[in-house]
Amino acid sequence: MEQLQLSQSEIEKIREDFPILNRKINDKQLIYLDNAATTQKPLSVIESMSEFLKKSNANIHRAIHILSYEATLAYENAHKIVAKFIGAKSFREIVFVRNATEALNLIAHSFGERFLTSSDEVVLTIMEHHSNIVPWLILRDKIGIKVKFIKTKEDGTLDYDEAEKLITKRTKLLGVIQASNVLGTVNNILRLRDLAKSVNAKFLVDGAQSLPHIPINVSDLGCDFFVASAHKMVGPTGIGFLYAKRELLEEMPPFLTGGDMIREVTVDGATWNELPFKFEAGTPAFTEAVGFAEAIKYLQNIKIERILNYEKTLEKYILEKLKTMSFIEFYGHQKGEHLALFSFNIKGVHPHDAASFLNSFGIAVRSGNHCAQPLMNHLKIENALRASFYFYNTNNEAEKLFSTLEEANKFFNR
Amino acid sequence: MEENKPLDIDPLMMEFLLDHYKHPHNYGELEPAEMSYEDGNPSCGDQIKISLNTKNGIVDEIKFKGKGCIVSQSAASILTDMVKGKKIEDIKTISREEMLENLIIPIGPMRLKCALLALKVLKRAIWGKQFDGDDEDE
């Protein structure tokens with residue numbers, strides 16, 4: 001029977017798939033703990049794109065020649081692989097965009113301007129990434145909708161009682177980040193979905209941080225929108241997707257317009273191409289689509305459930321250790337489910353200085369406000385270090401982080 | 001790729017700056033001040049306010065106040081030392097390179113904004129946006 005947990009020897013083998021993990025920084029072995037920003041790529045993903053470019057590169061759709069046929073097939077097939085991966089009913093429900101940010105902009109623009117009016121409300125959480133806040137604030141300024149935020153409680157979890165009060169019959173859309181890129185908190189999206197559905201609001205899930213780690217089935221979940229980026233799940237940059245229920249996509253007007261998204265154009269107007277191409281104007285990132293499909297195959301081969309189990313063990317291990325380090329102040333991780341993602345500070349040390357120190361020992365972490373200023377303000381944190389782990393990270397790397405943090409504390413706080 | 005070039009700051013070399021950070025020179029605020037300016041780096045939250053008074057075209061008193069990382073705050077401490085007693089006109093020509101040289105330790109590309117914030121604030125306190133060298137970022 002297959003183990004539900006990744007073994008150390010499997011991790012060692014997996015690490016060999018990622019060439020960059022061999023890199024030395026300042027003569028030290030790279031320890032890459034910035035996976036919430038972007039993940040590293042296995043050789044199979046890198047090679048899938050270079051093979052495609054060497055053998056089949058041509059613009060998709062409309063050409064008769066064989067290269068274009070192959071490229072079109074590969075591009076459309078990538079939609080199918082994504083659809084299957086997230087449990088969509090059809091590849092027509094998968095729109096390729098540049099990244100989750102673009103998908104969120106598409107929703108606010110296309111769904112928002114068509115379906116929302118000034119008496120409507122959009123409810124978000126204070127945990128949202130800027131990309132699921134700013135498009136809605138712009139829409140608010142344009143058409144006068146109200147945007148409300150569900151806050152977090154002291155323990156770093158969402159205040160579901162407050163959510164119940166904020167979500168009313170005026171709520172037309174509830175938008176939530178499934179896993180916080182600052183606290184690692186995994187939100188209870190079933191509970192939030194039920195709240196949205198109880199008032200007939202559309203339910204949007206930002207899966208940029210969750211899809212790389214947590215099994216998702218959008219049909220079972222019953223969300224109306226789901227967005228994610230390939231590069232946060234061992235795929236290339238420049239490609240992400242919007243999932244939306246087909247009947248919604250049929251109703252929504254195009255976001256970007258031009259080539260490939262039309263059925264017919266006259267000087268008087270145009271009609272739209274079938275789904276999902278109605279939303280994919282211009283030459284898309286088809287090379288990256290090939291890489292994205294390969295990334296999903298890579299993850300499926302390991303199995304997301306096993307990745308999640310391994311990371312849960314890692315999260316517990318790191319959390320127990322952090323609790324014993326009195327010079328560290330860390331945020332969240334008190335109640336409920338969490339990714340192996342930690343925001344913290346060395347007391348009395350600016351996170352940029354700490355990150356510089358870690359960097360000189362080959363350890364890559366992020367420092368800053370993590371594109372979530374409303375959450376940081378709510379938590380009264382100005383800046384923080386963030387170490388975000390993925391399945392190719394090991395206990396040994398975590399140990400090295402701890403010992404280097406201790407060194408940093410001794411250095412700065414003597 | 002330049003494997004051996006330090007990408008950031010060697011912690012052992014940070015000692016010099018750490019001293020300025022823990023015991024900043026010219027810390028505080030002049031009230032009233034003939035000239036003052038405050039600015040920050042939004043991405044990292046560094047904040048510096050510089051206030052100064054002149055006598056016969058020479059920097060007579062100068063103080064800085066701020067919060068942030070070692071690099072930004074020690075640079076302010078060092079810069080205020082540098083310009084005390086200097087002709088105002090001579091401050092105009094302090095280049096980014098000169099500022100970095102005075103920090104003694106090499107500053108990697110990721111921390112340039114921190115290292116140069118004090119110089120920008122000082123120049124803006126005196127001349128507004130004219131000579132702050134911010135365009136060099138473009």
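Let's start where the two chains meet: across the interface of chain A and chain B, eight residue pairs are in polar contact, with both partners at pLDDT 80 or more. That confidence filter is there because this is a predicted model.

On the chain A side, the elements that give two or more residues to the surface touching chain B are β1 (24-25), α12 (351-360) and α14 (395-412). Of these, α12(A) supplies the largest share, six residues. Sort the chain A side by class and you get five nonpolar, ten polar and six charged residues.

What about charge pairing between the chains? The count between chain A and chain B is three salt bridges. One of them links Arg111(B) to Asp353(A), and here the closest N and O atoms are 2.7 Å apart.

Stepping back to the contact as a whole, chain A puts in 21 residues and chain B puts in 25 residues. Together the two chains bury about 1,800 Å² between them, and carbon and sulfur atoms give 45% of that area.

Now for a look inside chain A. Here you'll find an open sheet of four strands, in the order β13-β14-β17-β16, with antiparallel pairing. The edges are β13 (328-331) and β16 (366-368) of chain A, each of which pairs on one side only. Neighbouring strands of this sheet are turned by 35° against each other on average, ignoring direction.

To see one pairing up close, follow β14 (residues 341-346) and β17 (residues 384-388) of chain A: these strands run antiparallel and are joined by four bridges. A handy spot to zoom in on is Phe342(A), which stands opposite Ala387(A) in β17(A).

Methods:
Residues are numbered from 1 along each chain as its sequence is written. Chains are lettered from A and ligands numbered from 1 in the order in which they are written. This is a predicted model: local features need pLDDT of at least 70, side-chain atom pairs count only at pLDDT 80 or more; totals for chains, interfaces and linings use all residues. Side-chain values use heavy atoms; hydrogens and water are left out. Contact means heavy atoms within 4.5 Å. Buried area is the accessible area (1.4 Å probe) that two parts lose on being put together, summed over both. A salt bridge is a side-chain nitrogen of Lys or Arg within 4 Å of a carboxyl oxygen of Asp or Glu. A polar contact is a pair of N or O atoms within 3.5 Å; within protein, one must be able to donate a hydrogen and the other to accept it, and residues adjacent in sequence count only if both atoms are side-chain atoms. Ala, Val, Leu, Ile, Met, Phe, Trp, Tyr, Cys and Pro count as nonpolar, Asp, Glu, Lys and Arg as charged, and the others, Gly among them, as polar. Two strands pair if DSSP finds at least two bridges between them. Axes are lines fitted to C-alpha atoms, for helices over the stretch in contact, and angles run from 0 to 180 degrees between N-to-C directions.
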